Amino acid sequence: MESILFYAFALLAIGSALLLVNLKNIARALFLFFIVLFAMAGLYLFALADFVAITQIMVYVGGVLILMLFAFMLSNKELLKDLQDSSGSFLSMPKWQAIPLALGFLLLMIYGIMEWQQSIPTWIQLSFENNTQIVATDNNIQQIGLRFMTFYVLPFEVISIFLMMALIGASHLSRKERNR
Amino acid sequence: MITLTHFLVVSACIFCIGLYTVLSKKNAIMILVGIELMINAAILNFVAFGKYDKISYGGQIFGLFAIVLAAAAVAVGLAIVLNVYRHYQTINPDEINELKDK
């Protein structure tokens, strides 16, 4: 049952990502991106990362996707061009050079994974032996909160400041210039 | 039983689709979508490895950090895209070939 659900989510993610790449209409592609993000959040659940999955849905679907839709609609000259360009074809014909590059990279990574399986790192083997994996009954959110405030307090503060800098920079970049 | 390899293969596929999007699309917004796909593949790897790390929860916590970084990147990237559109009336990266004001 568990693996059937996993394969369903994986197929949903990969399939809609493939369709996303080949669609011509950007609005449809962005909504397919939404489906990919949901399926990825589902996959995180199978790695028992429930908090990461919820954060993914909140941050990506609530923030990033809305921003992308706004940017798409604000650059609407492209939208009209896209609608005019679609001369009968539903799928767009991308640059062919990208296909062998991406496929080659995929083959390289699959080969790397297969090679890697022969020598699993010792810390993973230790966690198998000592039975210290995360299990489904753990209280993940409490543990993550504790780690954030103890082990990882410096990265946490750094990333807070980084996020604030990025937001100030974004609002500065997208301001209206008066004297032009 | 879902092993680590399953996660790794799925995330390799998603990463390559993101790479393909970045290389082949002629629209800056779709290129940002491709970058997001690649970041998502990386986060999937983070949480898949994090399952075996109960002591420090490194995988999940750095997955969260990666989500924050991706959100910041998208905010700045879309602001730049809008500015570029205001200057050039296009967001095709192939046609944007000068940094100077006209």
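This is a short tour of a two-chain model, with a suggestion at each stop for what to select next. Keep in mind that the model is predicted.

**Stop 1: chain A**

Start by selecting chain A and colouring it by secondary structure. You will find eight helices and zero strands, so the pattern to follow along the sequence is α-α-α-α-α-α-α-α. Now colour by burial: of the 180 residues in this chain, 20% are buried. If you draw a contact map for chain A and keep pairs at least 6 apart in sequence, 57% of those contacts join residues at least 24 apart.

**Stop 2: a loop in chain A**

Next, select Asn131(A), which sits in the loop between H6 and H7 of chain A. Is Asn131(A) buried or exposed? Asn131(A) has 8 other C-beta atoms within 10 Å, and is therefore exposed. Add Val61(A) to the selection and take the C-alpha to C-alpha distance: the two residues are 35 Å apart in space, with their positions 70 residues apart in sequence.

**Stop 3: chain B**

Switch to chain B. This chain has three helices and zero strands, running α-α-α from the N terminus on. Orient the view along the principal axes, and the C-alpha atoms fill a box of roughly 60 × 25 × 15 Å. The radius of gyration of chain B is 17 Å, whereas a compact globule of 102 residues would have one near 13 Å. Burial colouring marks 55% of the 102 residues of chain B as buried. On its contact map, among contacts with a separation of 6 or more, 44% come from residues 24 or more positions apart.

**Stop 4: a helix pair within chain B**

Stay in chain B and select helix H1 (residues 4-24) and helix H2 (residues 28-50). Their axes are 8 Å apart and the packing angle is about 165°. H1(B) and H2(B) are therefore roughly antiparallel to each other, and their crossing is left-handed. Show side chains to see what makes the contact: H1(B) contributes residues including Phe7(B), Ile14(B), Phe15(B) and Gly18(B), while H2(B) contributes residues including Met30(B), Gly34(B), Met38(B) and Asn45(B). Colour this contact by class and you get 18 nonpolar, six polar and no charged residues.

**Stop 5: where the chains meet**

Bring both chains back into view. In this interface, 68 residues of chain A are in contact with 56 residues of chain B. Each of the helices H1 (2-22), H2 (26-46), H3 (50-74), H4 (76-85), H5 (98-116), H6 (122-129), H7 (140-149) and H8 (153-173) of chain A supplies at least two residues to the side that touches chain B. Which helix gives the largest share of that side? The helix to pick is H3(A), with twelve residues. By class, the side of chain A that touches chain B has 51 nonpolar, twelve polar and five charged residues.

**Stop 6: a helix pair across the interface**

For the last stop, select H3(A) together with helix H3 (residues 58-88) of chain B. These two pack at an angle of about 5°, with their axes 10 Å apart, which makes H3(A) roughly parallel to H3(B). Look for Phe51(A), Gln56(A), Gly63(A) and Met68(A) among the contact residues of H3(A), and for Gln60(B), Gly63(B), Ile67(B) and Leu82(B) among those of H3(B). Coloured by class, the contact of H3(A) with H3(B) shows 16 nonpolar, five polar and no charged residues.

Terms used:
Residues numbered from 1 in each chain as written. Chains lettered and ligands numbered in written order. Predicted model: local features only at pLDDT ≥ 70, side-chain atom pairs only at ≥ 80, totals over all residues. Helix = DSSP H or I, 4+ residues; strand = E, 2+ residues; numbered from the N terminus. Buried ≥ 20, exposed ≤ 12 C-beta atoms within 10 Å, placed from the backbone. Contact = placed C-beta atoms within 7 Å. Nonpolar A, V, L, I, M, F, W, Y, C, P; charged D, E, K, R; others polar. Axes fitted to C-alpha atoms, helices over the stretch in contact; angles between N-to-C directions. Parallel < 35°, antiparallel > 145°, perpendicular 65-115°, else oblique. Left-handed = near helix turned anticlockwise from the far one by under 90°. Rg over C-alpha atoms; globule rule 2.2 N^0.38 Å.
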